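Hi everyone, thanks for coming along. I'd like to walk you through one model this morning, so let's get it up on the screen.

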Amino acid sequence: MAAIFYLAYGSNLHPLRLQQRVPSARHIGPVALPGFRLVFHKIGMDHSGKCDLLDTGYPADNAWGVLYQMDASDQSALTSAEGAGYRFEAFPVVYDGKPVEAMTFLAKPEQQDPAILPFDWYRDLVLAGARWNSLPENYMAQIAQVPTIPDADKVRARMNTELVEVLRKA
């Protein structure tokens with residue numbers, strides 16, 4: 001079966017979270033993304049902020065992602081989970097000193113709002129994945145400082161808060 005590399009940088013950083021969506025996903029490892037910043041400006045299907053990579057072009061800016069390998073046939077399930085506001089495109093990374101062409105989701109321009117905020121549980125999902133992957137402390141501190149809003153949907157909030165707790169313990 002054909003395989004592709006997938007670059008996760010948001011709520012899919014944690015392998016347990018990603019494997020809920022894509023059972024074939026196999027964790028490879030963290031990768032630095034120089035010239036990019038992690039932002040939460042993508043308008044989610046739930047009308048809250050979701051992650052995106054912002055190309056700043058400044059080498060001092062450095063986002064982080066995690067490289068996974070997955071069956072190409074699982075791409076449609078992942079695309080469905082991510083929603084229509086993203087485009088799935090090639091994204092070159094360097095892993096273990098070697099160039100790798102990975103695929104990732106980037107927010108469509110019309111789905112971006114710099115004023116939108118993420119739900120607290122969503123930011124915490126991203127942070128749980130960053131911690132599991134031992135991303136740099138200063139990067140995790142930046143994520144932890146992202147302002148959030150509470151989710152008015154109590155059922156969704158409880159379900160995702162419980163998921164965050166499971167991921168923190170994994």
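The second largest pocket has a volume of about 290 Å³. Sixteen is the count of its lining, and of those 16 residues Arg17, Arg21, Met45, Lys50 and Ala81 are the closest to its centre. Helix H1 (15-21), H2, helix H3 (120-132) and helix H5 (154-169) each give two or more residues to that lining, and H5 has the largest share, with three residues. By class, the lining divides into six nonpolar, three polar and seven charged residues.

A word on what we are looking at: this is a predicted model, where local features need pLDDT of at least 70, side-chain atom pairs count only at pLDDT 80 or more, and totals for chains, interfaces and linings use all residues. Residues are numbered from 1 along each chain as its sequence is written, and side-chain values use heavy atoms, with hydrogens and water left out.

Now the terms. A pocket is an open set of points on a 1 Å grid over the protein atoms alone, where a 1.4 Å probe fits, with protein on both sides within 12 Å along at least five of seven lines; lining residues have an atom within 4 Å of a point. Helices (H or I, at least four residues) and strands (E, at least two) are DSSP runs.

On to the largest pocket, with about 440 Å³ of space. Here 22 residues form the lining, and Arg37, Leu38, Val39, Gln142 and Val146 lie nearest the centre. Strand S3 (36-43), S5 and helix H4 (137-144) each supply at least two lining residues, with S3 giving the most, six. The classes are 16 nonpolar, four polar and two charged.

Two aspartates next. Where does aspartate 74 sit? In the loop between strand S5 (62-71) and helix H2 (75-82). Aspartate 74 is buried (under 20% relative accessible area, 1.4 Å probe, protein chains only). Aspartate 74 has no salt bridge (a side-chain nitrogen of Lys or Arg within 4 Å of a carboxyl oxygen of Asp or Glu), and the nearest side chain of opposite charge, arginine 26, is 12 Å away. Leaving aside neighbours within four places in sequence, aspartate 74 is in contact (heavy atoms within 4.5 Å) with Val22, Pro23 and Ser24.

Aspartate 151 is in the loop between H4 and H5, and is buried too, with a relative accessible area of 4%. With the same neighbours within four places set aside, its contacts are Phe119, Asp120, Trp121, Arg156 and Ala157. The C-alpha atoms of aspartate 151 and aspartate 120 are separated by 7.4 Å, although the two are 31 residues apart along the chain.

How values were computed:
Buried means under 20% relative accessible area, exposed over 50%, partly exposed in between (1.4 Å probe, protein chains only). Lys and Arg count as positive and Asp and Glu as negative; His and the chain ends are not counted. Grid points are joined across faces, edges and corners, and a volume is the space filled by probe spheres set on the points. Ala, Val, Leu, Ile, Met, Phe, Trp, Tyr, Cys and Pro count as nonpolar, Asp, Glu, Lys and Arg as charged, and the others, Gly among them, as polar.
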